[in-house]
Amino acid sequence: MPLYLPHFNLQNYNTLASPVCADFFVVVKDEADLHAALKFAKERDLPLLVLGGGSNIVLHDDFPGLVIHVQIFGKELVREDDEFYYVKAAAGENWSDFVDYCLDENYFGLENLSLIPGSVGAAPIQNIGAYGVELKDVFSELTALDVKSGLTITFTHEACQFGYRDSVFKNALLDQFIITSVTFKLTKQPNLKIYYPALQSALADHQPLDVTPELVGQIVSDIRRSKLPDPKLTPNVGSFFKNPLISTGKLAELQLRYPQIVYYPVDDNFVKVAAGWLIDKVGWRGYQQDAAVHAQQALVLTNPNRLKGAAVLVLAASIKASIMKEFGIDLEQEPRNYP
Ligand code: FAD
Ligand code: NAP
């Protein structure tokens, strides 16, 4: 029987260290706990917040509902064929530990996604990505509990409708499913993707034969440690905005004023602009009032004073307005706001 803790301070359960309270907080360790928690919420008509590592949410104020902290653990090799290992992990597993485990077992494909905070269960929600690899590239299927019916459903790759930091769980099926496990399709042979400039230059001193998935994982971790603030020391939620997609026409117009603008082709009609470059260009990097803009990467907003998330949202709104004014680009926030 899970324990429902009333008036629970969430400060240690979100990487922005926002000191807000939930009406109720419960840890679920298996599917039976999850069913019980859903019943508890339904009987009291409480809104739900499904919580993993709290590294992609902004808690701007107290949450008037039930926070379900998913702590369902377990991982197993479910099958293999000539090319692939199919590895299943429960939603509560720590993502970064799972990546390390797979590398230790010679299950390849997750190396570029090393050291991303959070849980396995949250990874499909925004189709996590880094250094040219996204979760969708290594995804086989997931299981999720339907909040309304209580039934467990299997979602195929197609059913998840993965997009750039996006999935069906952020859109048509928002708040309708709780992910309980994810199965990954990992290769037996290394298939390295090391074309991001930061990776390329860090690997430049290594002989091609020495470049293994383990090494790539280590180097990704090293770069991340050097560039990103450790949430335990400097609270943050990683990139605060998505990199915007703009038309090639709009790019040409901006290039007249900003020949140095950093962008990457997406297709014949669209390019992805580095949001960090835009924010830096307007002069926000290193800014600090109640909330701050990280000095090494302007896309990361921090909450050094451990204030409620509202403080970060005030800064984010000013940044968003200045980017619209300067470039005519509407930045989209990546982490989700609660309540
Ligand atoms: P939470 O913040 O707990 O939840 C995020 C959302 O998912 C919420 O809406 C929540 O309700 C929902 N959710 C969580 N678990 C479940 C579940 N089991 N079922 C249904 N819904 C659920 N992201 C990247 O994509 N790439 C990066 O490189 C990256 N780097 C980061 C670096 C830092 C320093 C930080 C702080 C964040 C970074 N992020 C990155 C963002 C974040 O780590 C990911 O989005 C991660 O997947 C969030 O996991 P979480 O368990 O903390 O999710
Ligand atoms: P970076 O390497 O300085 O690059 C800046 C931006 O340019 C990145 O956002 C990346 O887009 C894009 N980019 C760089 N090289 C590219 C290429 N060859 N092709 C296409 N796009 C390219 O970025 P960073 O801030 O240090 O982050 C490194 C990686 O970690 C990125 O993939 C980033 O998304 C990821 N990351 C994500 C978060 C988060 O919270 N979401 C936080 C930290 C780091 P993409 O973002 O689309 O990859």
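A residue is called buried when its relative accessible area is under 20%, exposed when that area is over 50%, and partly exposed in between, as found with a 1.4 Å probe on protein chains only. His-157 is partly exposed by this scale, with a relative accessible area of 33%. The structure is a predicted model, in which local features need pLDDT of at least 70 and side-chain atom pairs count only at pLDDT 80 or more, while totals for chains, interfaces and linings use all residues. Residues are numbered from 1 along each chain as its sequence is written, chains are lettered from A and ligands numbered from 1 in the order in which they are written, and side-chain values use heavy atoms, with hydrogens and water left out.

His-157 is found in helix α3, which covers residues 157–160; helices (H or I, at least four residues) and strands (E, at least two) are DSSP runs, numbered from the N terminus. Not counting residues up to four places away in sequence, His-157 touches Lys-136, Phe-139, Ser-140 and Phe-162, where contact means heavy atoms within 4.5 Å. His-157 and Gly-276 are 119 residues apart in sequence, and their C-alpha atoms are 30 Å apart in space.

We can now turn to the interior. In soluble globular proteins, nonpolar side chains tend to be buried together. A nonpolar core is a set of buried Ala, Val, Leu, Ile, Met, Phe, Trp, Tyr and Cys residues joined through side-chain atoms within 4.5 Å. The largest such core has 43 residues, of which Trp-95, Phe-98, Leu-110, Leu-142, Phe-169 and Phe-184 touch the most other members. At least two residues of this core come from each of β7 (84–90), α2 (95–104), β10 (139–146), β12 (177–187), α4 (197–203) and α5 (213–227). Apart from this core lies another, of 32 residues, among them Val-58, Trp-277, Ile-279 and Ile-319.

Which residues of α2 are buried? They are Trp-95, Ser-96, Phe-98, Val-99, Cys-102 and Leu-103. These residues lie on the same side of α2 because they cover an arc of only 160° around the axis, the arc being that of the directions from the helix axis to the C-beta atoms. Among the elements that cover them are β6 (75–80), β7, β12 and α5. At the N-terminal end of α2, Asn-94 acts as a cap, with a side-chain oxygen 3.1 Å from the backbone nitrogen of Ser-96. Just after the helix, Asn-106 takes a positive phi of about 65°.

Cys-102 has a relative accessible area of 0%. The structure holds zero disulfides, a disulfide being a pair of cysteine sulfur atoms within 2.5 Å. Cys-102 is accordingly in no disulfide, and the nearest cysteine sulfur, that of Cys-160, is 18 Å away.

A similar question can be asked of helix α6 (residues 248–257), where Lys-250, Leu-251 and Leu-254 are buried. Seen down the axis of α6, these buried residues fall within an arc of 100°, so they line one face of the helix. They pack against β14 (245–247), β15 (263–265), β16 (270–273) and α8.

A strand can also have two faces. Along β3 (residues 48–51), Leu-49 and Leu-51 point to one face and are buried, whereas Leu-48 and Val-50 point to the other and are not. β3 pairs with β5 (residues 63–70) in the parallel sense over four bridges, and two strands pair if DSSP finds at least two bridges between them. Within this pairing, Leu-51 stands opposite His-69 in β5.

How values were computed:
Polar contact = N/O pair within 3.5 Å; in protein donor to acceptor, adjacent residues only side chain to side chain.
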